[in-house]
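Visitor: I would love a close look at a single part of this structure. Could you pick one helix, walk me around it, and then show me what else there is to see?

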Amino acid sequence: MNEIDLTKENLKRIISDDLGLLINREDITDDISLYDDGLGMDSITIVNFIIEIEKQFGITIEEDEMSASLFENVNSLASYIVEKQKLNEPLK
Amino acid sequence: MITELFKSYLQLSSSNIISDEVESIRYKDIPDLFSIIDRSYDVGKLNGCMALMGSNKISFTVFLLYLLANEKSFYVSSSYSVNGQIPSFCSHTITIPEKNHHVASKNHHEVIIEPSSDLKLRELSAGKPRSVYFATSGSTGDKKIIRYTHDKLLQNAAGCIDRFELSSKCRVLICVPAFHMYGLGAGLLPSLIANAIIKIVDGGNILKIYEQIRKFNPDLLYITPTQAKMLIRLGKDLGKRRFICAGEKISPQDYIQFEERYGLLINLYGSSELGAVATTMPAHTLELRSEGVFVPLKGVEISFSGGGNQGEIRCSHPSGFEEYVDQTGESIPTLAIGKMYSTKDLGSRMGADRFKVIGRTDNILNRSGFLISIEELEISIKNHCKDVAEVIVFEREDEQKIRNELIAVYTKVNDHQEIELSILQACTRNLPTYCRPDRLINLNNLPLTATGKPDRMKIKKIARQL
């Protein structure tokens, strides 16, 4: 499993297990919207999701990176997280 | 036609911009848009009361101003109202499509104006006084319809300008529904009268608020207590700004935390019936502001039932509502106490021109001879038990028992954690015996009213069924 796929799986685990939502892991596809037209996450859930992502992936989502489109789906988030983690890696 | 009354409040000549998330217009474009509405819909010829479906969009703002400018009767309806019933005295419904409607691009044919099917009601509607109608949120009782005259509504909005220091230089971001009395009467209309640069966003998505703060760079924001709490929890740095917040009480701890990170928070006390009544004052100490010490707006008088310094807050407002009406537009008689309106809030005087709101009178309980405010108790439980996300407390009447049960319905910050025992322990440690809940009920989510407040009636009903 490559980095992106692993991140997607971890994001799906957070959504199904850590946010107190009644969502089955198999219902979370890579491109399903996280909002009302998909998984139905409300603002409070998104806030909790952001906090979990920062904690579990060890990253900080900067103020100027916060956008509705970043949290569009698992695809967009996974790409962002992998990029962010690469930037955080110490230079070899 | 634009009435002289409207012109005395709104000039519509500024080059400042009003925008939503997809389109923007200048103030001076609005008279041309009025002409388009006249030509396209013949609204000018309609005499009945129109139900205008509310939304945080420019198209709603333009139709609202059109109806105000022509002194038409209209009922401002919440587009996502749970009981979105249109009163039967409305002769027509004006529906603005949800997605990508550009009133400024003249793609206006998408707006749907439908006549009521009942001809008799349409005739009846034409005979009613020219007014603006709102529905109350119904969070603590039955929904009522409130009638304002056009003059009073505009006067009410104009009364907010000085207190909120609104001017044509202000950049105002409205993140609350612009079709309820808070967002409309204290937010959108005063900002329009002041010719401010305005952006209206759908506040249902906290990320959109973040984006707009960055892109639009507002100096004044209208938010709800829930949004304030979410901003605190996220704890990001957005620069210091001014925020206006109305709704349920913000705890002193949250208030202080919010101000430390985001800037000045002005708490607004008001109601659908009276509009803005009082605010916390930037000139006061942080202690006074965080404790919710209010100063009335100009012309507003506050007194307390019984004539003392504590009791139900009574308010005389120079530009309040006219009356309550029922679904057919008939007046609902109310018990008037002189010119004073009974707010159903319990408060106490804190000095010559200051007062504090303790809670709703129907949210005050008599437990073993002690008066307790449910709101204060809820804040206290949350403060002492950080794993509780939201809590609603109420008394369940039980004829079989000597004392009514005190029920606390709560949601958890982390749904997987068992916290009932820790709540009980926290209550035992920190609350007097008469304040401690007899029973705890955990729900995954609390049902909300159309305005986003916890729906206490529904929560009680759910708890009764469990």
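**A helix on the inside**

Guide: Let's begin with H3(B), where 12 of the 12 residues are buried, so this helix is largely enclosed by the rest of the structure. Keep in mind that you are looking at a predicted model. To find the helix, go to residues 58–69 of chain B. Its 12 residues reach 16 Å from the first C-alpha to the last, close to the 16 Å expected at 1.5 Å a residue. Here, "buried" means that 20 or more other C-beta atoms lie within 10 Å of a residue's own. Among the residues that pass this test are B:Ile58, B:Phe60, B:Phe63, B:Tyr66 and B:Ala69. B:Ser59 and B:Thr61 are buried too. After the helix comes B:Glu71, which has a positive phi, near 45°.

For a useful partner to this view, turn to chain A and its helix H3, residues 74–88. This helix has 15 residues and spans 21 Å between its first and last C-alpha, close to the 21 Å expected at 1.5 Å a residue. The buried residues of H3(A) are A:Val74, A:Leu77, A:Ala78 and A:Ile81. They cover an arc of only 100° around the axis, which puts them on the same side of H3(A). These buried residues pack against helix H1 (3–18) and helix H2 (43–57) of chain A. On the face turned away from the buried side, H3(A) carries the exposed residues A:Glu83, A:Lys86 and A:Leu87.

Now back to chain B for the wider setting. Its domain assignment gives domain 1 (1–129), domain 2 (150–320 + 335–360) and domain 3 (368–465). Between domain 2 and domain 3 of chain B, the C-alpha centres lie 27 Å apart. Where these domains touch, 12 residues of domain 2 are in contact with nine residues of domain 3.

Our last stop in chain B is an open sheet of three strands, in the order S24-S25-S26, with mixed pairing. S24 (388–396) and S26 (439–442) of chain B stand at the edges, each with a single partner strand, so one side of each is left without a neighbour in the sheet. From one strand to the next, the twist averages 25°. S24(B) and S25 (residues 405–412) of chain B run antiparallel and are joined by eight bridges. You can trace one pairing yourself: B:Val388 has B:Lys412 in S25(B) as its bridge partner. Across S24 and S25 of chain B lies helix H11 (residues 374–384), running at about 140° to S24(B).

Terms used
Residues numbered from 1 in each chain as written. Chains lettered and ligands numbered in written order. Predicted model: local features only at pLDDT ≥ 70, side-chain atom pairs only at ≥ 80, totals over all residues. Pairing = 2+ DSSP bridges. Helix = DSSP H or I, 4+ residues; strand = E, 2+ residues; numbered from the N terminus. Axes fitted to C-alpha atoms, helices over the stretch in contact; angles between N-to-C directions. Contact = placed C-beta atoms within 7 Å. Expected span 1.5 Å × (residues − 1). Arc of directions from axis to C-beta. Domains from an automatic or database assignment.
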